[in-house]
Number of protein chains: 2
Amino acid sequence: MTNPALSHAYAVILAGGRGERFWPLSTAARPKQFLTLFGGKTLLSQAVERLAGLMPPERILVITSRDLVPVTRAAAPKLPPQNVIGEPMGRDTAAACALACGLVAHRDPQGGVACILTADQLMTDAATFRQILADSVAIAAARETIVTIGIQPTYPSTGFGYIEAGEALDTGSVTRFERARRFVEKPNAEVAARYVADGKHYWNAGMFIWRAAFMRQAIQQHAPHLLELCDKAATTPPAKLDALLDALYPPLPKISVDFAIMEKMSDIVVARGAFGWDDVGTWAAVGNHILANAAQNVVVGDCEAIDATDNVVISEGRLTALLGVKNVVVVHAGNVTLVCDRDRVQDLKKLVQQVGKRADGAKYV
Amino acid sequence: MTNPALSHAYAVILAGGRGERFWPLSTAARPKQFLTLFGGKTLLSQAVERLAGLMPPERILVITSRDLVPVTRAAAPKLPPQNVIGEPMGRDTAAACALACGLVAHRDPQGGVACILTADQLMTDAATFRQILADSVAIAAARETIVTIGIQPTYPSTGFGYIEAGEALDTGSVTRFERARRFVEKPNAEVAARYVADGKHYWNAGMFIWRAAFMRQAIQQHAPHLLELCDKAATTPPAKLDALLDALYPPLPKISVDFAIMEKMSDIVVARGAFGWDDVGTWAAVGNHILANAAQNVVVGDCEAIDATDNVVISEGRLTALLGVKNVVVVHAGNVTLVCDRDRVQDLKKLVQQVGKRADGAKYV
């Protein structure tokens, strides 16, 4: 089936993350999207490459932080350099989406469809993802709506926001689309269990597909403070974009697009996504993607172990020798080693902050 | 009180240990006696320096393995180079003692007293040790006996052999001397507790003081296979010593002096030793000698921690960041990191052997 809307589709990959959850391997200068733990390619390269066949490199953009523009261009060498845009400072996803809207409108003012995607998630079934994304583009091109790709939950996560789905849409496409009833914040364990059981809730993975023109309307209505950014980005040539962002970003509030726009919209469509998605949120989650070795440890690099199981060891260019330890994460990077209880990885941010506050903290975080 | 016997006293420090218990910081090429964790000086330097005032450097000898002779000389630069003797291979302490006997006889055939000491133990009260050693030399010079310095046990260790003490000797010296009734092997926990409670047992720390001439008699009687080594070492000039050992060592059995001689002797005297002695046998024991920091971790080097206590971290030139782990030993050295349960340190040898068996094992052990 041909999909003429695809010729107007632009991917805008948001790649503004910092480096706290995979510290010390990821750092401010080399955040998670540059990790090569999974399949030897950076997550960012994978995010770009899985779009192959869906849209040409000219229609793939990456929004990252200014200081990461050079490494981002290096990680996605097929993209035109002006397609990698650096924000002067982080202002969360609402600002990045307004910028994305302007960038797409600049390139295709009439029919441009912006696919807001993420840079640091794994998808094992890229073909299914492409199918869903293509179907979503067709819906977004044809309707006054936002399409979000919701992830069919595989366990009762309390770490994600959820999208409650309503009645199904009759779209004739392979992908199942439903009306989104509401966006819900990260639930507690009990509520999460109910969400997974009822089959009516998806994880909010931060992927949104909308026509730039419709997006502008939504910004005007729900986040008018972002309209200037959106409109000026649509009319500013690439060479002058940095200066524009330098002027407009500082006063912007830090707000997520979920909070600034999505939760206020009455018409959102959710596409059911099941394509081996995982945001690999912590060191503990790495074990879901790398097979444990015979000694029951997840190892990248070099490890010897005696009576040591259920550990995650990232030890490239270094030998890690384990004796009698269980459920520990050991990660070496540069001149830092992390040794962390696997059940405490969610608190890693605190440790990174503590290290960052040292007089020599900049060396490490 | 003058002690004329001291002018005949020779210290022979046995420094033949390998590097398994403090791996990866200690290795075959840099065994425990070269560790500088305690007070910044190697244990070997400390073993030499604590003899200051008791005997001049010319009367201090070190027996080590041949490959360690250069580093040993470097660690004890005040000793004449020919006083550091390298065994071509390890043949346990009986052979080393026979060699020591010959070396002392070579220098002082009539009255030489050999003080067999160790290279890798801590003694916090060196003055008391010197007093006991001087008193022991006087006893050994005057009697046909071996004096051993027994350590007053501070806890029911199952890791040491014990010496059972009998009636006290009236020697007129500050040091308490008792007849040694017998040498006993490492006891189980129950027996060890009894030994500590009865006040009649000492730890066998491998320190023996005897006249070379008496020592030769004991060798002749109980370990005649070592007599040739003893006698030829007594008549061979330093320049030809290596060749002598190369010829005599290979067929020697590996036997400890305790087993080959001490356990067979009827007249041994034990000096009561209480001078902050510790053999620092494992990484766990390091915590007895280095104060824990405010976060309740024993740290040498650089460590940040959150909710992590009772760990031992050796992290020089590297930052170790701990999160939520307890009772773990983390040691970095070269391109190796050990992560070990603090209660499993006694099994470290197995891990070192496993690493040593790798194709690239020599790089690490």
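Author: Let's start with a definition: a helix here is a DSSP run of H or I with at least four residues, and helices are numbered from the N terminus. In this predicted model, A234(A) is found in helix α7 of chain A, which spans residues 227-235.

Reader: Thanks! What makes A234(A) partly exposed?

Author: Its neighbour count. A234(A) has 19 other C-beta atoms within 10 Å. A residue is buried from 20 upwards and exposed at 12 or fewer, so a value in between is called partly exposed. A234(A) touches G102(A), A105(A) and H106(A), leaving aside residues up to four places away in sequence. The C-alpha atoms of A234(A) and S266(A) are separated by 26 Å, with their positions 32 residues apart along the chain.

Reader: Which residues of α7(A) are buried, and how do you know that they line one face of the helix?

Author: L229(A), C230(A) and A233(A) are the buried ones. Viewed down the axis of α7(A), these residues fall within an arc of 100°, so they line one face. They pack against α3 (92-107), α6 (212-222) and α8 (241-248) of chain A.

Reader: And what about helix α7 in chain B?

Author: In α7(B), residues 227-235, the buried residues are L229(B), C230(B) and A233(B). Their arc is only 100° around the axis, which puts them on the same side of α7(B). Their packing partners are α3 (92-107), α6 (212-222) and α8 (241-248) of chain B.

Reader: Why is A140(A) called buried?

Author: A140(A) has 26 C-beta neighbours inside 10 Å, and therefore counts as buried; the cut-off is 20 or more. A140(A) lies in helix α4 of chain A, residues 126-142. It touches V113(A), T145(A), V147(A), I209(A), W210(A) and R211(A), again not counting residues up to four places away in sequence. One of these, I209(A), is 69 residues apart from A140(A) along the chain, yet their C-alpha atoms are separated by 6.3 Å.

Reader: Which residues touch the most other members of the largest nonpolar core?

Author: That core has 249 residues, and the ones touching the most other members are V12(A), A114(A), C115(A), V12(B), A114(B) and C115(B). Among the contacts of V12(A) are L61(A), I63(A), A100(A), L103(A) and I116(A). As background, nonpolar side chains tend to be buried together in soluble globular proteins.

Reader: What makes V280(A) unusual in its phi, and is V280(A) buried or exposed?

Author: Phi of V280(A) is near 40°, a positive value in a residue other than glycine. Most residues other than glycine have a negative phi, and that is the rule to set it against. With 20 C-beta neighbours inside 10 Å, V280(A) counts as buried, since the class begins at 20. V280(A) sits in the loop between β11 (277-278) and β12 (298-306) of chain A. In chain B, phi of V280(B) is also near 40°, and V280(B) is buried with 20 other C-beta atoms within 10 Å. There the loop runs between β11 (277-278) and α10 (283-286) of chain B.

Reader: Where is there a cis peptide bond in chain A, and where in chain B?

Author: In chain A, such a bond joins W23(A) and P24(A), with omega about 5°. P24(A) lies in the loop between β1 (9-15) and α1 (43-49) of chain A. In chain B, the bond from W23(B) to P24(B) is cis, with omega near 5°.

Reader: What makes β10(B) a paired strand, and how many of its residues are buried?

Author: Two strands pair if DSSP finds at least two bridges between them. Strand β6 (146-151) of chain B is joined to β10(B) by six bridges in the parallel sense, with T148(B) opposite V270(B). Strand β8 (177-184) of chain B runs antiparallel to β10(B) and shares three bridges with it. Both counts meet the minimum. As for cover, five of the six residues of β10(B), 268-273, are buried.

Reader: Finally, how do you know that the two copies are related as by a two-fold rotation axis?

Author: Chain B can be laid on chain A with an RMSD of 0.0 Å, using a turn of 180° and a shift of 0.0 Å along the axis. The copies are thus related as by a two-fold rotation axis. The same surface serves both copies, with 100% of the contact residues of chain B recurring in chain A. At that interface, 28 residues of chain B are in contact with 28 residues of chain A. The side of chain B that touches chain A has 16 nonpolar, six polar and six charged residues. Strands cross over too: β15(A), residues 336-341, and β13(B) pair in the parallel sense over five bridges, and T337(A) has T320(B) as its bridge partner.

Methods
Residues numbered from 1 in each chain as written. Chains lettered and ligands numbered in written order. Predicted model: local features only at pLDDT ≥ 70, side-chain atom pairs only at ≥ 80, totals over all residues. Helix = DSSP H or I, 4+ residues; strand = E, 2+ residues; numbered from the N terminus. Contact = placed C-beta atoms within 7 Å. Nonpolar A, V, L, I, M, F, W, Y, C, P; charged D, E, K, R; others polar. Least-squares fit on C-alpha atoms with pLDDT ≥ 70 in both. Core = buried A, V, L, I, M, F, W, Y, C linked by C-beta atoms within 7 Å. Arc of directions from axis to C-beta.
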